[in-house]
Amino acid sequence: MSLISRPASELAAMLQSKEISSVELTSQQLANIDKLNPKINSYLTVTHEIALAQAKQVDELRAKGEKLSALAGIPIAVKDNLTTIAIETTAGSKILKGWIPPYNATVVEKILANRMPILGKTNMDEFAMGSSTENSAYGPSLNPWDLSRTPGGSGGGSSSAVSSMQAPIAIGSDTGGSIRFPAAVTGTVGVKPTYGAVSRYGLIALGSSLDQIGPVARNVMDAAMLQDAIAGHDDMDATSLPESLGSMTEAAKNDSVKGLKIGIIKELTGEGFQAGVSERFQEALDLLVAAGAEVVEVSCPSFQYAIAAYYLIQPAEASSNLARFDSVRFGLRVMPEGPATVEKVMAATREAGFGPEVKRRIILGTYALSSGYYDAYYGSAQKVRTLIQVDLAKAFEKADVLVSPTAPTTAFKLGEKQEDPLAMYLNDIATIPANLAGIPGMSLPVGLAKEDNLPVGIQFLAPAREDATLYKVGAVLEKLLENKWTKSMMDFAPELKVN
Amino acid sequence: MAKEQLMDYQKALETYEVVIGLEVHVELNTNTKMFCGCANVFGDEPNTNVCPNCLGFPGAMPAVNGKAIENSIKIGLALDCEIAATGRFARKNYFYPDLAKNFQTSQYDEPIAFEGKIDIEGPSGKVFTVDIERAHMEEDAGKLTHVGGSTGRIQGAEYSLVDFNRAGVPLVEIVTKPIYGAGDEAPELAAAYVRSIREIVKNLGVSDARMERGNVRCDANVSIRPKGQEKLGTRTETKNVNSLRSIEKAVKYEIQRQAHLLSQGTAIIQETRHWHEDRGATSSGRPKSDADDYRYFPEPDLVPIQPSKEWIEQLRATLPEKPAIRRKRLQELWGFSELEFRDVVNSDLLDEIDDTVKAGATPQAARKWWTGEIARIANSEDKEISEMPITPKQVAEIAGLIDSGKLTDRLAREVLTGVLAGEGDPAEIVSKRGLEVVSDDGALLEAIDKVLAEQPDVLEKIREGKLQAAGAVIGAVMKAMGGSADAARVRELVIQRASGE
Ligand SMILES: [Zn+2]
């Protein structure tokens, strides 16, 4: 097994025992990026010099016997909607082309404090609006399992990077499924922590009340270690949780699901789900039951309104969050034809700088917040949000974790849904409720759908602040599956032919 | 611009009833801004107190300044308001280049303080209770300077400069309910109300309360309706009237302007108006309608503010006395007559006199200097008294020099001129300008003898008991000494000479 195909947790042990150096690992990682990225387009920016300098530094510190964090020396990819000093940050948009932020996101600060070399910034749908990366102003990323398909979105850059060994782990952000859906369709593990578990400071906001940063990895332990590295209260984010949620790394060491009550969400199974997806999902449940878990059915009738509510709240917040892109202080500036006024410059810049999906959502959101429509749209959507929280609270009285397939289908073809925004939105049906309720969710690979040999993900949901439960059940299921397959999920991946 | 026609003020009031409403913005003097750690300082180099947050950079998030909340609660309590148990911030969305995020973070439907009241004394002494609708927190915008146009306004400017030092400075906006029945006292009442707000926030120590720096800014809503009509008239909102005198003038102007229009059968347009101090008139700004759509929604980046009851009570216990009570106390303490005291209040000199008395002057001397000479000079220079470059301590010092006989009134006025010209403290000016009273009797007697030699019959008259005859001698001596003599001492010496001592 090549060095860069190993999971981060193994590499961390090898670094600690000085079996390998961070420079060695990072160089190999960069070499693979140089080989694959021109084709797969996982990274918008690759930071060779920065990564190698950081790797060299961590090796020196280790040589001196300095006490280092668990992930010190492990290179990482960062989604391009997190601000990074001295590294271009575009959020997948033309309007931010060339923008070099003067400050680091808190999560980036934590990565640096953990001494993890930053490999680069990963591709994404513009401002995280999308489920396929096709809305990126810099072209889509490709799915390493089938280059004609999407690696999911909005975090398809991170998911394709991690699944094609262009990074052992990556940072994603999840507003309606942008970590979990890409994880599901690329056979990786993606976690959206509890709202507030990870600081959003420096995350270029999409829907502020929905956004959450989380880990993307090739196994549960790697994701756990990364969540531990980036979580914690931050005074710069007023919505960040005051308390610690405990160690996810410890939770990921769990080996038993005896007595665990698993609730199958009635509304998120059966009709509308690809047969191969449902089959793998059921197989995973059977494994858990055989290991001592108990399955119950729960119902969340309000989920039928989740997408409608989400597509009011998220565009509403986005319309306001994106107002700052006006050419006055940073980013693109386009001069209008004829005499310029400030309004005309702002309008010309936004017209040229935003892509069609961003404009669509700004218009939707502006409309939803307009006086006279506020109650009917934004107000009603907030009520649905409350109903979803109530339904989930009831479900969690019956079960410790809730499950569903992460997505109705495996990876769809690039271009397949680009002309049909509604079909694209429906893709997030299983992931959106967690964002509306602020609860944590994990997508874990459960094998390949037999129709298309593409990865299928199972989604676990836990009550707010109980992220550890996800890692506990995820770790057990992962082990059960690997025992059954006698290999890991990534070993199913086809050899990449990029020439 | 054509000058608008105005109806005679008294005539307007005979026909129409005036309704006013006031929105006062108070800039808090917290060390840091409302939602970030940048310094809240007036007058620094442009764009030096800025950060990703107050520049509205992508990814930046607000963090509430606890001191600003504390100060806002204090203002609410001082205005007898209820304090909200929980309050959310909202986003007020509109595009403007001085607004970094293109939304203002403000409290919308959940103000921190609401339903208060304050007693305001009108010029006649009649007390009005002004109901406070709400006091809410918000952030200030940056400051725009329009360059290249003739008006200094955005229209016609070649380009505009933005200073974001002020962006994010904490503001408390205090909004009154409509004020009815002020009649011809409405303009003075408006000014008196703002004066009281200024006094409150200054005494609370939560704002520097300097109107000339924009620490306290007032928007005045004015509408009129024919007497007896129930339906309220269309209102105009005159923006940023930034001195007490202008508030009074602007309200009066709007009453007269609206009265003229209504008398001509012309409808009032609901609009924002700008006050022009130079020509004493308001002009039409942009039309304003209730449908102005700011797309308010709760600020998702902040959690609700939930001040505990205990904290509110602790803050209440620290409140200084109410203006009305303070006034009563000071009037008794100083022994001023009703008229003298009202003059002090209406001239907005309560704090100055209080501070001058605290610095050692007698209340009457303090009053005399502030309402007399200093007010006269301020008026002649068309300035607010508070803008005059003299401190209460300096005034007390001048008064002290008179009491100790070192200065005459006339010399003291000269010292005052020196202080206002920035020549230093009174003692310095006395020595620099050589203004000390001549207390050397020898020099005075020499001058007296010289005058008496020219007017030999005067001594005889004084001896006959006609003491007023001494006046002419004293005057002549004072003139000869260039004013630098103590008139009382001269008089004593003249009488001594007459009685042959
Ligand atoms: Zn700042």
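How many salt bridges does the rule find across the interface of chain A and chain B? Keep that in mind, everyone, and we'll get there in a moment. One thing to say up front: this is a predicted model.

So, the answer: the rule finds one salt bridge across that interface. The partners are Asp301(B) and Arg200(A), whose side chains meet at 3.0 Å, N to O. Polar contacts add to the picture, with 14 residue pairs counted between the two chains, both residues at pLDDT 80 or more. On the chain A side, the elements that give two or more residues to the surface touching chain B are α10 (306-321), α11 (342-353) and α12 (356-369). Of these, α10(A) gives the most, with five residues.

Now let's step back to the whole interface. Here 39 residues of chain A are in contact with 29 residues of chain B. About 2700 Å² is buried between the chains, and carbon and sulfur atoms give 62% of that area.

Next, please look at chain B and find the zinc ion. Four cysteines coordinate the zinc ion through their SG atoms: Cys36(B), Cys38(B), Cys51(B) and Cys54(B), at 2.3 to 2.4 Å. The angles among the four donor atoms run from 101 to 114°, and the site is tetrahedral. For comparison, the ideal angle for four tetrahedral donors is 109.5 degrees. Along the chain, the donors follow the spacing C-x1-C-x12-C-x2-C. Cys36(B) and Cys51(B) both lie in the loop between β1 (16-27) and α2 (66-78) of chain B, so this pair ties together parts that are 15 residues apart in sequence. And are these two cysteines buried or exposed? Cys36(B) is buried, and so is Cys51(B).

Definitions and conventions:
Residues are numbered from 1 along each chain as its sequence is written. Chains are lettered from A and ligands numbered from 1 in the order in which they are written. This is a predicted model: local features need pLDDT of at least 70, side-chain atom pairs count only at pLDDT 80 or more; totals for chains, interfaces and linings use all residues. Side-chain values use heavy atoms; hydrogens and water are left out. Donors are N, O and S atoms within 2.8 Å of the metal (3.2 Å for Na, K and Ca); water is not among the atoms, so sites may look incomplete. Four donors count as tetrahedral if all angles lie between 85 and 135 degrees; four count as square planar and six as octahedral if opposite donors are over 155 degrees apart and all others between 65 and 115; anything else is irregular. Helices (H or I, at least four residues) and strands (E, at least two) are DSSP runs, numbered from the N terminus. Buried means under 20% relative accessible area, exposed over 50%, partly exposed in between (1.4 Å probe, protein chains only). Contact means heavy atoms within 4.5 Å. Buried area is the accessible area (1.4 Å probe) that two parts lose on being put together, summed over both. A salt bridge is a side-chain nitrogen of Lys or Arg within 4 Å of a carboxyl oxygen of Asp or Glu. A polar contact is a pair of N or O atoms within 3.5 Å; within protein, one must be able to donate a hydrogen and the other to accept it, and residues adjacent in sequence count only if both atoms are side-chain atoms.
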